[in-house]
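Here is a quick look around one model, taken a few spots at a time. Have the viewer open and follow along.

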Amino acid sequence: MAETEKQVVAATAPAGDVHGFAEGNPPVELNEKDDTKVTDELKRTETGETDAEEDLYRPLRMDPEIPHEENPLTLRAVITGCILGGLVNASNLYLGLKTGFTFSANMFGAIFGYGVLKFLERSGRKLPFLGGVFGPQENSIVQAAATGAGGIAGIFVAGIPAMYQLGVMGEGRTPRDDIGAIFTITLCCSFIGLFYVTPMRKFFIIQVSRELKLLFPTATAVGLTIRSMHAGAAGSIAAMKKLKCLIYSFMAAFIHRIVSYYAIGILYDWHVFTWIHIWSGYTSWAMNIESWGWYMEWTPAFIGSGILIGLNPAISMFMGSVLAWGLIGPLLVHYGECIGYQIAPDDPKWDSYYTFASFRGLGKDPPSPRYWLLWPGVMVMVCCSMAELLIQWKVIWKGMKTAWSEGCKSINASLTRRGKSSPFFAKHGAPRVKGENEIEDPAPLHEQVRSWWWMVGLLATTVLCILVFHFQWEMHPGLTILAIVLSFLFSFLAVQIGAVTDQTPLTAAAKASQLVFGGATSNQGFTILHAQKINLVAGSLASGGANVASDLTSDFRTGFLVGTSPVKQWIAQAVGTFVAVWLAPGLFILFTSAYPCIIDSSYDKCAFLVPSVTAWAAVARAVTDPSVGIPLHSGIFAIVMGVVSIAQAFFRHYYLVGDREKYREWLPNWGAIALSWVIPAPVFANAALVGAIAAAIWRKYSFRTWELYGYAVAAGFIAGEGLGGVIGAILTLAGVDGSVKGTGVACPLGEC
């Protein structure tokens, strides 16, 4: 087994700490035979004997005593998944506006869903319509619905608010005024990716997964977690421990986030250099460091993110922050290449407090370090991702041939059923020769998504997109089709890279689409504002579709591992996605009503950094507005770093192979480094590093408890803080938030 496969198995093996019962859990009644069986399960669990031999490119070996699940696509599973996914959707909107990151709901839905449906199973006598046997396949349906309902938040933390910041929606307009247009663009972005990636399930999951080592780490972790929770009595005990841990961590993060609003400088943000500035009699050197964003934020969500991503990406992100905001940025300001803006120029105690993250004066004044560093960050993201795409050009070509073949096969089968024939479709839809590394598809034909479903859905959604973007966004049908094609190509990039690295390069895809549309709209007679509107909505369609496509493929991977019918998973995610279409815009209106600074860049202070929003807006301006250019030295540096990232991608794929493959983990993660250049403060890299270090120490000294609790803690932290942020928005609208009833003590200028 490859080293990466062993790491995923080890990190997600059935929990070892299952001696005794979790506090508060009722003991399970066992007879002597059952007790012996549980003891054997515990031993296998602790030693990892079963999992060490697991072939992760085949369906998992499930407990043979699990009852057959006649129809795992139940109403209780879909409703539970949609509710849990809705919580994560709200969480993602908060976290995305704050940091630019969003997270999948799959692990949260799998563990929390287990607890809900296990309760309903035991309450079957009292609630017969919600009772019945609960197994691993129904568990995967819950997480599929949760993933769908928790998705599509990405367009609301990037392209759509950027439209309002640039004023392309009209003077003084708010999302509440444009709710109809926002609903329709959400519908288009959500379902175009769902339909066009459906025929690629067999390609990514069956045909090339072993050849390309498409392990889908998070989806595999979810599958292994589901298997472990349903592994007999021992698995049930471990599952309840995971669930209780997730609930405790969720509640702790939720309560911490709400309470911290009222004493943010004490409970959430530790501005150590501000403290030194005050204690030392207002010395300037400490505030110079503070001005570059060097403080500690005790954000459970990013600590949880660090637990999930591991040391290499976390260290890369931190070193990228040191390079950007500790070295390059200060040097740029020192030599006059960039400028900062004083926050309190009239107060002698705080006259050394600056912001270096402003986008004001673009095209007129020297730029801020943030704008200067934006272009190397974007270039590296695009280059390293496109290098991966170029390296895998055979995969893309093979995938397109597979999609064409599947379509021809479906059309030919439909004609045959009607007593007709077509030599063309019969020839191109003929069964192909199976590859030597390919396994048989465990899902029989009647359990797979019918071809006419996705074909009709894709055609209808494409027509809908053309109409919506033409009449509501004044976009030519040709440009809409270009956006859909880019979305399809970027979905290959997102799925393939995400399946290997567990980091989906949607930011790079979005920026690449903006650059393409910058060229497509130049010299076409558009006004600057119209060109910017097209740039942002087309980029949203391209990246949003790729996002949904990546989520569905990951769900197919989880279902493949636990033996769930693909068509039932597809339906569950489609229902969840439909819920997200209505939920995400409503949450967006809630946040923008509570915090107008999200859509109005004239505010000097904002509770959200909105890094993705400002980055999208800056790129849209640069590719459409002749007065806003890219600084010469920034462009040169961007090209150099782009070449370096491309060189490393080829070095990794073609030199670090065989016996040298073990050295790959020592290479810097250029995507994480570039991300730190785009995010205008190192605060999130600091928190992620704390989480990654804590997880590494935890794994080293108590691997058994890490197996049991690690993912549950991370999922609870992420979802808990995000939902606490939603409550914070409600408190702000009610006029009882921390800025009114709390204190800004220990914050610079008394305000964090």
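What follows covers a helix pair, the nonpolar core and a few loop positions. Keep in mind throughout that this is a predicted model.

## Two helices side by side

Start with α8, which spans residues 179–197, and α21, which spans 451–471. Their axes come within 9 Å and cross at roughly 150°. Anything over 145° counts as roughly antiparallel, so that is the label for α8 and α21. As for handedness, the crossing of α8 past α21 is left-handed.

Which residues make the contact? On the α8 side they are Thr184, Ile185, Leu187, Cys188, Phe191, Ile192, Phe195 and Tyr196. Facing them from α21 are Trp453, Trp454, Gly457, Leu458, Thr461, Thr462, Leu464, Cys465, Val468 and Phe469. Sorted by class, the α8–α21 contact comes out at 14 nonpolar and four polar residues, with no charged ones.

## The nonpolar core

Phe469, one of the α21 contact residues, turns up again in the largest nonpolar core, a set of 206 residues. Leu374, Phe469 and Phe591 are the ones with the most contacts inside that core.

What does Phe591 touch, once residues up to four places away in sequence are set aside? Its partners come from several parts of the numbering: Ala90, Leu93, Tyr94 and Leu97, then Ile598 and Phe608, and finally Gly725, Val726 and Ala729. Phe591 itself falls within the range of α25, residues 566–594.

## The loop before α25

Gly563 sits in the loop that links α24 (528–562) to α25. Is Gly563 buried or exposed? Neither label fits, because its relative accessible area is 39%, which makes Gly563 partly exposed.

Gly563 also has a partner from elsewhere in the chain: its C-alpha atom is 7.7 Å from that of Ala443, although the two are 120 residues apart along the chain.

## Two positive phi angles

Most residues other than glycine have a negative phi. Two positions here are worth a look on that score. Asn523 is not a glycine, yet has a positive phi of about 60°. You'll find Asn523 in the loop between α23 (506–521) and α24. With a relative accessibility of 78%, Asn523 counts as exposed, since the cut-off for that label is over 50%.

Ala746 is the other one, with a positive phi of about 75° despite not being a glycine. Ala746 belongs to the segment after α31 (738–741). Its relative accessible area is 21%, so Ala746 is partly exposed; buried would mean under 20%.

Notes: Residues numbered from 1 in each chain as written. Predicted model: local features only at pLDDT ≥ 70, side-chain atom pairs only at ≥ 80, totals over all residues. Heavy atoms only, no water. Axes fitted to C-alpha atoms, helices over the stretch in contact; angles between N-to-C directions. Helix = DSSP H or I, 4+ residues; strand = E, 2+ residues; numbered from the N terminus. Parallel < 35°, antiparallel > 145°, perpendicular 65-115°, else oblique. Left-handed = near helix turned anticlockwise from the far one by under 90°. Contact = heavy atoms within 4.5 Å. Nonpolar A, V, L, I, M, F, W, Y, C, P; charged D, E, K, R; others polar. Buried < 20%, exposed > 50% of the residue type's maximum accessible area, 1.4 Å probe, protein only. Core = buried A, V, L, I, M, F, W, Y, C linked by side-chain atoms within 4.5 Å.
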